[in-house]
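Here is a short set of exercises to work through with the coordinates open in your viewer. Try each task before you read its solution.

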Amino acid sequence: MEEIPYEEIFKQTLLEYLSIKGESELQQMLSQSKILIHEKWEFSGKRNNQRSAIVEIKVPVTYKEIIESKYIEILDEICGDLYEDDDSYGYTGVQIGVVLLSTVKTVNHVSKEVSYLKNHANYQNLMDKVSKMDISKDDKLYIYEACNSAISGNNIAAMTMLGCATELLVIQFGEAYKNYLIREGKEGEAKKFTEKVINARSAYTRVDEFSKRVEGNKDIFKNMGFENPTLQFNFIDIIRQVRNESGHPTGKKISNEDLSTMFGNFQFLVENIYGFINENKEEELNF
């Protein structure tokens, strides 16, 4: 049996440690990372004649600045706990590097032109966008986990997590739309919307009833940035349906192309919808 490299063991232990400490966002950011241990000539200052050891965590460029500004102290603490000092080397710090993007070579068999495409750019772009958005940790967790599953080639898991993220998005979207109606002085519509959509007994009914409102109020949704509200909102139901098939042992497989399309549609939806959610928060009305 091939021996697992020490750096890989270090990474997996680090991810487990973060999980135990409840640092789920950071755990997801580091799931595609690479660990390097640098043994330096400089003395550590911890024992006589002991040299320094630096733990470098190479992460997607998307996360480097966020991790350095927000998480460097907790990583330094955990890496210090995990690294095993000996007489030769002692841990002296952590640094954040950048992992190289994976690429796919493509050849145009007509023109013979060779090009290199960034592999998984669709998922990395979504994580990049979400990392900068004002949304909850739970929202980010589902989206990060969906993207990381897709990057790892776990298409069924990725689709299931994307479905969870979409369902959470629809629930919050519904609450925000109710608040919008209240602000517009449409309490009657808000009450009916609450009964039919927010209090719906199933995800299918919630999306179906919400779709009817989208169809009947296209101008409102066009102002949110949806060029074709009915068509674009229908993508939510498509994601829901595929998620249901993925989340049950149906034997249905999801191609890389179909998965990428689902994530691309979600990425288009997420910025407009979360913008609307953040503009219509915390309005209470008792019915």
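The exercises below go from the whole chain to salt bridges, a cavity and a single residue.

**Exercise 1. Get an overview of this predicted model and decide where to read it with care.**

Step 1. Start with confidence: the model is predicted, and its chain averages a pLDDT of 83, with 87% of the residues scoring at least 70.

Step 2. Look for the weak spot. Over residues 283-287 the pLDDT is below 50, although this stretch has ten contacts in the model beyond near neighbours in sequence. Where pLDDT is low, predicted coordinates should not be read in detail.

Step 3. Take stock of the fold. The chain has twelve helices and five strands, and buried residues make up 42% of its 287 residues.

Step 4. Turn to contacts with a sequence separation of 6 or more: 65% of them are between residues 24 or more positions apart.

**Exercise 2. Find the salt bridge between Lys 64 and Glu 68 and describe its setting.**

Step 1. Place the pair: both residues lie in helix α3 (residues 61-70), four residues apart, or about one turn of the helix.

Step 2. Check the distance. The N to O separation is 2.8 Å, and the cut-off for a salt bridge is 4 Å.

Step 3. Judge the exposure. Lys 64 has 24% relative accessibility, so it counts as partly exposed. Glu 68, at 36%, is partly exposed as well.

**Exercise 3. Is Lys 132 buried or exposed, and which residue does its side chain meet in a salt bridge?**

Step 1. The partner is Asp 128, at 3.2 Å from N to O.

Step 2. With a relative accessible area of 63%, Lys 132 is exposed, while Asp 128, at 23%, is partly exposed.

**Exercise 4. Work out how Glu 209 and Lys 212 are paired, and which residues belong to their network.**

Step 1. The two side chains form a salt bridge of 3.4 Å, N to O.

Step 2. Glu 209 and Lys 212 are separated by about one helical turn because they are three residues apart in helix α9 (residues 203-216).

Step 3. Compare each accessibility with the cut-offs. Glu 209 is at 14%, and buried means under 20%, so Glu 209 is buried. Lys 212, at 47%, counts as partly exposed.

Step 4. Widen the view: salt bridges with shared partners join Asp 208, Glu 209, Lys 212 and Arg 213 into one network.

Step 5. For context, a search of the whole structure finds twelve salt bridges.

**Exercise 5. Locate the largest cavity and characterise its lining.**

Step 1. Searching the whole structure gives three cavities of 30 Å³ or more. The largest has a volume of about 80 Å³.

Step 2. List the lining. Eleven residues line the largest cavity, and Gly 163, Thr 166, Glu 167, Val 207 and Arg 240 lie nearest its centre.

Step 3. Assign elements: α7 (155-183), α9 and α11 (229-246) are those that give two or more residues to this lining.

Step 4. Sort by chemistry. The lining residues of the largest cavity divide into five nonpolar, two polar and four charged.

**Exercise 6. Where is Ala 157 found, and how far is it from Glu 145?**

Step 1. Ala 157 is in helix α7 and is partly exposed, with a relative accessible area of 35%.

Step 2. Ala 157 and Glu 145 are twelve residues apart in sequence, and their C-alpha atoms are 8.9 Å apart in space.

Conventions:
Residues are numbered from 1 along each chain as its sequence is written. Side-chain values use heavy atoms; hydrogens and water are left out. Buried means under 20% relative accessible area, exposed over 50%, partly exposed in between (1.4 Å probe, protein chains only). On a 1 Å grid over the protein atoms alone, a cavity is a set of points where a 1.4 Å probe fits but cannot get out, and a pocket is an open set with protein on both sides within 12 Å along at least five of seven lines; lining residues have an atom within 4 Å of a point. Grid points are joined across faces, edges and corners, and a volume is the space filled by probe spheres set on the points. Ala, Val, Leu, Ile, Met, Phe, Trp, Tyr, Cys and Pro count as nonpolar, Asp, Glu, Lys and Arg as charged, and the others, Gly among them, as polar. pLDDT is the predictor's confidence in each residue, from 0 to 100. Contact means heavy atoms within 4.5 Å.
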